[in-house]
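The following report describes the fold, the nonpolar cores and one helix of the model shown here.

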Amino acid sequence: MNKKIQTFLLGSAALALSAVSLAISPLATNANAQASGEGAATPRPGMHRQFGTSAPLISIALSHQSELGLSTTQVSNLENIRTDFQNRTAPILQDLRSIESKLREVQQQNPVDLVQAKALIEQSEKRQAELRYQRLEALENGKAILTAQQQDQLKNLVASMHQRFRKPQPGQAS
């Protein structure tokens, strides 16, 4: 009976680790897409929910600089913030890919080395937290560049973009 319980617990742990791995892998991929400015309509955790979407706001502001009335200094500053963000997050994203690869290898073992798997998951979570902080810092630095009126215009622009991508709700005309 003891052997059955042990087998059940190890199987449950492996299943849980697989689920965690599946949940984390898209986060690293999405963070990479954000860092490169791709996938503007793809929702990502920890993004800019106050504006109603998850697109990289600095890239949106730069794409709509004439609509927002950005000065050349503002454009230059926003480009610098975006480049700095990309440079700071590239090594974090590389670490995440490496950690996830190692975690997949550990999960293929039989039995799974739970101590090693836990350590890798904790490393991954730490790097995810660093990404979230870097994103938040870049957003705050970007907001500081914009006037209150430009921030409102950007918010309205993003909200209208969000409406175009939103799926019609039941009972709404499509």
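## Overall fold

The protein has six helices and zero strands, where helices (H or I, at least four residues) and strands (E, at least two) are DSSP runs numbered from the N terminus. This is a predicted model, in which local features need pLDDT of at least 70 and side-chain atom pairs count only at pLDDT 80 or more, while totals for chains, interfaces and linings use all residues. Residues are numbered from 1 along each chain as its sequence is written, and side-chain values use heavy atoms, with hydrogens and water left out.

Of the 174 residues, 34% count as buried, that is, under 20% relative accessible area with a 1.4 Å probe and protein chains only.

## Nonpolar cores

The largest nonpolar core (buried Ala, Val, Leu, Ile, Met, Phe, Trp, Tyr and Cys residues joined through side-chain atoms within 4.5 Å) holds 18 residues, of which Leu 57, Ile 58, Ile 60, Leu 70, Leu 78 and Leu 154 touch the most other members. At least two residues of this core come from each of α2 (57–63), α4 (72–108), α5 (114–145) and α6 (148–165), and α2 gives the largest share, five residues. Another core, of seven residues, lies apart from it and includes Ile 99, Val 112, Ala 117 and Ile 121.

## Helix α5

The 32 residues of α5 should span 46 Å at 1.5 Å a residue (1.5 Å times one less than the number of residues), which agrees with the 47 Å between its end C-alpha atoms. At the N-terminal end, Asp 113 caps α5, with a side-chain oxygen 3.2 Å from the backbone nitrogen of Val 115. Buried residues of α5 include Ala 117, Ile 121, Arg 127 and Gln 128.

Notes: Buried means under 20% relative accessible area, exposed over 50%, partly exposed in between (1.4 Å probe, protein chains only). A polar contact is a pair of N or O atoms within 3.5 Å; within protein, one must be able to donate a hydrogen and the other to accept it, and residues adjacent in sequence count only if both atoms are side-chain atoms.
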